[in-house]
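Student: I have a protein model open and I am not sure how to read it. Can you take me through it step by step?

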Amino acid sequence: MGKRELRESLKSDIDNLFKSPEVAEHEFQNATKRQKVFKQSSSTPTKPSTSIERDPNKPRIDLRLTRLGDGQRLDCDTLAHLVHYTVFGSALQRPRWLNISHHRNVLQSLVIRVNVEEDFFTTTNLSFPNEFFDRRWIELDSDISNRSLFWNSMMKVQLTIQEQVRRKSDKMQKIFQKTGKHDKSHFILTTTNLADRNFPFPGVEGVVPTKQRYKKLCSSSPLFSVDCEMCETDLANRALTRISIIDENEATILDTLVKPEGRITDYLTRYSGITEDMMKNVTTTLQDVQKAVQNLLPPDAILVGHSLEHDLQAMKMSHPFCLDVGHVLNYTNNGASFRNSLKNLTELFLGARIQSEFGHCSYEDAWAAMRLAQLKIQKGIIFGNTSFGWKFSEYAKQNGLVEEKCVKKKIVSIPCTGCSEPTVVECTVMNCRCRIVPGPSQCVHCVKLGDSEQGDFDWQETLDIDTNKTTSPIEKYLKKMNTVMCAFDTTVLDTFPTSSKKVRSKPPTKFSSTETFVNDVSSEMLNDSLILVEIDKEKVDAPESTDSDQGDVQDNAEALNGMLEKLVAATSKNSMIMMIFSNSYKSILYLRIK
Ligand SMILES: [Zn+2]
Ligand SMILES: [Zn+2]
C-alpha cells in the first residue's frame with residue numbers, strides 16, 4: 001500500500017472516531033457480540049481459544065461510558081481504578097463506567113503504555129491491536145499524556161473520601177436522628193447514599209461546605225430546590241454556567257449566570273439553554289455563588305434536586321441534607337441505581353411538561369423537583385416507589401392526570417435593592433414558568449455580602465475523615481500471591497517501594513534494546529497479578545530494510561506490532577489487556593479480556 005493510500009484509509013478510520021460515549025459504548029458492545037459470534041461459528045480446529053470462549057465464567061466487560069457524565073473522558077485515575085479493581089476486586093468500589101462480570105476470574109492485568117510520535121495516529125496502522133481489539137478504541141482524557149501522573153496513579157490505590165465515609169457511616173447516621181412520622185428527614189439521602197452516589201464531601205480539595213455549622217432537622221426544616229446548568233470548558237467537562245435556587249413557594253431566591261474558569265469549548269445549549277450571547281458580559285464567578293449560597297441557606301436547609309450530586313459537584317459544595325426526587329420516586333423498578341428522568345417524573349406525577357422543544361431553563365427543573373419533593377413528603381414513604389409495592393397504573397387510574405394549567409402572567413423583574421441590577425436571568429424559553437414567579441430582592445453579589453445564619457454542628461467534624469489519607473500505596477493491598485512487575489522507568493514515580501518483595505522494577509533502560517526488554521518481560525510475567533509495561537516507540541529498532549521502494553513508510557511499526565503481540569500472548573487466559581497509545585496531543589485506549 002502506498003503512503004497516500006495508507007493515509008487515506010487511516011483518515012477514514014479516524015473520521016469514524018467515537019463521537020460520544022454513547023456511540024463508543026454501542027460500538028464496543030457490537031464488537032463484543034461480533035467477537036462472540038465469530039468465535040462460536042468458527043469451526044477451525046486450529047483456533048485454540050474456542051473452548052475458552054464458551055466458558056460461562058469468563059469475565060466480560062460492558063462499557064457504561066455514559067455514567068462518566070456528559071463529555072467526560074477516562075483519565076489516569078479512572079483507568080487506574082479499573083486496573084486496581086481487577087487486581088483487588090471487592091476491596092474497592094466498583095468502577096461506575098463499566099461492568100465486569102466474573103471479575104474475580106480476571107487472573108492477570110496487563111497494562112501496556114506506548115509513547116508514540118506526534119503523527120502516529122494519522123500515519124500508522126498496527127495490525128495486531130486492530131485485530132485483537134476489533135478496531136474499537138476510546139479516546140482518553142488529556143491527562144494521560146503525563147507519564148508521571150499516569151504511572152503514579154497506577155501505583156497508588158485511591159481511597160476515596162466516599163469509601164472512608166461508607167466504612168464508618170453507621171456512626172455518622174446518628175446525627176440525622178429521625179423525628180415524627182411523615183417528617184421530611186425520612187426522605188433525605190443517608191450518608192451512605194451520599195457516598196455511594198459520589199456527592200461531594202467537606203474536606204475534599206476544592207469543595208466548600210454550604211454552612212460552617214448545621215442544625216439537626218425538624219419538621220419545619222425548609223426545602224430549597226436547586227438546579228445547575230453546565231458547559232464544557234478547556235479545564236472541565238462540567239463547569240457551572242447557571243444556577244437557580246427556589247424556595248417552597250416556588251419563588252426564585254437565586255438565579256444567575258456564572259462565568260466558568262477557563263475557556264468555554266461547548267455551551268451544550270441543547271441541554272443547558274445557555275448561549276454564547278447570554279454569557280458575553282457575565283462576570284459572576286463560582287466563588288460569588290458559593291458565598292451567596294452560604295448566606296441564603298439556613299443551617300437546617302434541605303436541598304432538593306434530581307441527580308443532585310451533579311449540581312453539587314458543579315457548585316463544588318457539600319451539603320448533608322439532600323432529597324433527590326430521582327431517589328425517592330421510581331415508577332419503573334429497574335434496580336436501585338436506576339433513576340427516572342426529571343422530565344418523565346414531572347409528566348407522570350405533576351401532569352406538567354418541562355424541557356420542551358422551546359428549550360431548557362434551570363428554574364423549571366428546580367420548580368419540578370420542588371413540586372415532586374413536596375408531593376412525596378405529603379403522600380409518604382410508599383408513594384411513587386415501586387420497590388415498596390406501589391403501582392403507577394393504579395395511581396393513574398385514581399388520579400385522572402391532566403396537564404396542569406399554568407397562568408401566564410408576566411411579572412416585571414424587580415431590580416436589586418442593593419445595586420439595582422436585574423436579580424434573575426433573562427429567560428430564553430418561550431412561556432417559561434420562571435417568568436410568572438416573583439424574583440429575589442437582591443442579586444447574587446449583594447446577597448453574598450449578607451450575614452450567614454449558623455447552626456450547632458460542623459459536618460466535617462462529625463465525619464471525622466483523614467483527608468490526607470486518600471491513597472494507599474499499591475503494595476499495601478497486595479495479598480500473599482499478588483505480585484506486580486513494573487516494566488517502566490520507575491524514576492517517574494514519587495516513591496518506589498524498594499522494601500516490598502511483591503513489587504519489582506524492570507526498567508527498559510537496563511536492556512540493550514526494546515526487543516530484549518520485551519522478550520524478558522514476556523518470559524517472566526506469568527505469575528504476576530499486574531504487569532505494567534511502557535514502550536517508547538522511537539526506541540524500537542526498525543528492521544533493516546531490504547526494499548528501498550518502501551521509502552519512509554518503512555519504519556519500526558512492524559517491529560512494535562510484533563512486540564505487542566508477544567506481550568499479550570504471554571498473559572494467561574482471562575487476562576484484562578489495557579493498551580494505551582499516547583503522545584502529547586492525544587491518547588487512546590484499547591481494552592479487552594483475553
Ligand atoms: Zn445587587
Ligand atoms: Zn425560564
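What follows is a short dialogue on reading this structure.

Tutor: One caution to start. This is a predicted model. Every value below is computed from it.

Student: How many helices and strands are there in the protein?

Tutor: The protein has 22 helices and 19 strands. Its accessible surface comes to about 28,600 Å². Carbon and sulfur atoms account for 49% of that surface.

Student: What share of the residues is buried?

Tutor: A residue counts as buried when its relative accessible area is under 20%. Of the 594 residues in the protein, 51% are buried. Look at contacts too. Take contacts between residues at least 6 apart in sequence: 72% of them join residues at least 24 apart.

Student: Why does helix α13 count as largely enclosed?

Tutor: Count its buried residues. Helix α13 spans residues 286-296, and eight of its eleven residues are buried, so the rest of the structure largely encloses it. The buried ones are L286, D288, V289, Q290, A292, V293, Q294 and N295.

Student: What covers the buried residues of α13?

Tutor: The cover includes strands β6 (208-209), β8 (239-246), β9 (252-257) and β12 (317-318). It also includes helices α14 (308-315) and α19. Remember α19. We will meet it again at a metal site.

Student: Let us go to the metals. Which residues coordinate the zinc ion (ligand 2)?

Tutor: To read a metal site, list the donor atoms, then check distances and angles. For the zinc ion (ligand 2) the donors are the SG atoms of C361, C427, C432 and C434. They sit at 2.2 to 2.3 Å.

Student: Why is the arrangement around the zinc ion (ligand 2) called tetrahedral?

Tutor: Start with the ideal. Four tetrahedral donors have ideal angles of 109.5 degrees. Now the case here. The four donor atoms around the zinc ion (ligand 2) subtend angles of 101 to 118°, so the arrangement is tetrahedral. The rule asks for all angles between 85 and 135 degrees.

Student: How are the donor residues of the zinc ion (ligand 2) spaced in sequence?

Tutor: The pattern is C-x65-C-x4-C-x1-C.

Student: Is C427 buried or exposed?

Tutor: C427 is buried, because its relative accessibility is 14%. C361 is buried as well, at 2%. C432 is buried with a relative accessible area of 1%.

Student: What are the donors of the zinc ion (ligand 1)?

Tutor: They are the SG atoms of C416, C419, C443 and C446, lying 2.3 Å from the ion. Angles among these four donor atoms run from 100 to 115°, and the site is tetrahedral. The spacing along the chain is C-x2-C-x23-C-x2-C. C416 lies in the loop between α18 and α19, while C446 is in helix α19, 30 residues apart. C416 is buried at 4% relative accessibility. C446 is buried at 17%.

Student: With those cysteines about, how many disulfides does the structure hold?

Tutor: Zero.

Student: Next, charges. How many salt bridges does the count come to?

Tutor: The general idea comes before the number. Side chains of opposite charge can pair when their charged atoms come close. In this model the count is 19 salt bridges.

Student: Where does the salt bridge between R147 and E534 sit?

Tutor: The two side chains meet at 2.7 Å, N to O. R147 is in helix α7 (residues 147-155) and E534 is in strand β17 (residues 530-536). The two are 387 residues apart, so the pair links distant parts of the chain. R147 is partly exposed at 28%, whereas E534 is buried at 6%.

Student: Which residue pairs with R433 in a salt bridge?

Tutor: E364 does, with the closest N and O atoms 2.9 Å apart. R433 lies in the loop between α18 (392-398) and α19 (444-447), and E364 is in helix α17 (residues 362-379). R433 is buried at 8% relative accessibility. E364 is buried too, at 7%.

Student: Which residues do shared salt-bridge partners join into one network?

Tutor: Start from one pair. R504 and E524 meet in a salt bridge at 3.3 Å, N to O. R504 is in strand β16 (residues 503-505), and E524 is in helix α21 (residues 514-524). R504 is partly exposed at 27%, and E524 is partly exposed at 35%. Shared partners join R504, K506, D520, E524 and D528 into one network.

How values were computed:
Residues are numbered from 1 along each chain as its sequence is written. Chains are lettered from A and ligands numbered from 1 in the order in which they are written. This is a predicted model: local features need pLDDT of at least 70, side-chain atom pairs count only at pLDDT 80 or more; totals for chains, interfaces and linings use all residues. Side-chain values use heavy atoms; hydrogens and water are left out. Donors are N, O and S atoms within 2.8 Å of the metal (3.2 Å for Na, K and Ca); water is not among the atoms, so sites may look incomplete. Four donors count as tetrahedral if all angles lie between 85 and 135 degrees; four count as square planar and six as octahedral if opposite donors are over 155 degrees apart and all others between 65 and 115; anything else is irregular. Buried means under 20% relative accessible area, exposed over 50%, partly exposed in between (1.4 Å probe, protein chains only). A disulfide is a pair of cysteine sulfur atoms within 2.5 Å. Helices (H or I, at least four residues) and strands (E, at least two) are DSSP runs, numbered from the N terminus. Contact means heavy atoms within 4.5 Å. Accessible areas come from the Shrake-Rupley method with a 1.4 Å probe; for residues, only the protein chains shown count as cover. A salt bridge is a side-chain nitrogen of Lys or Arg within 4 Å of a carboxyl oxygen of Asp or Glu.
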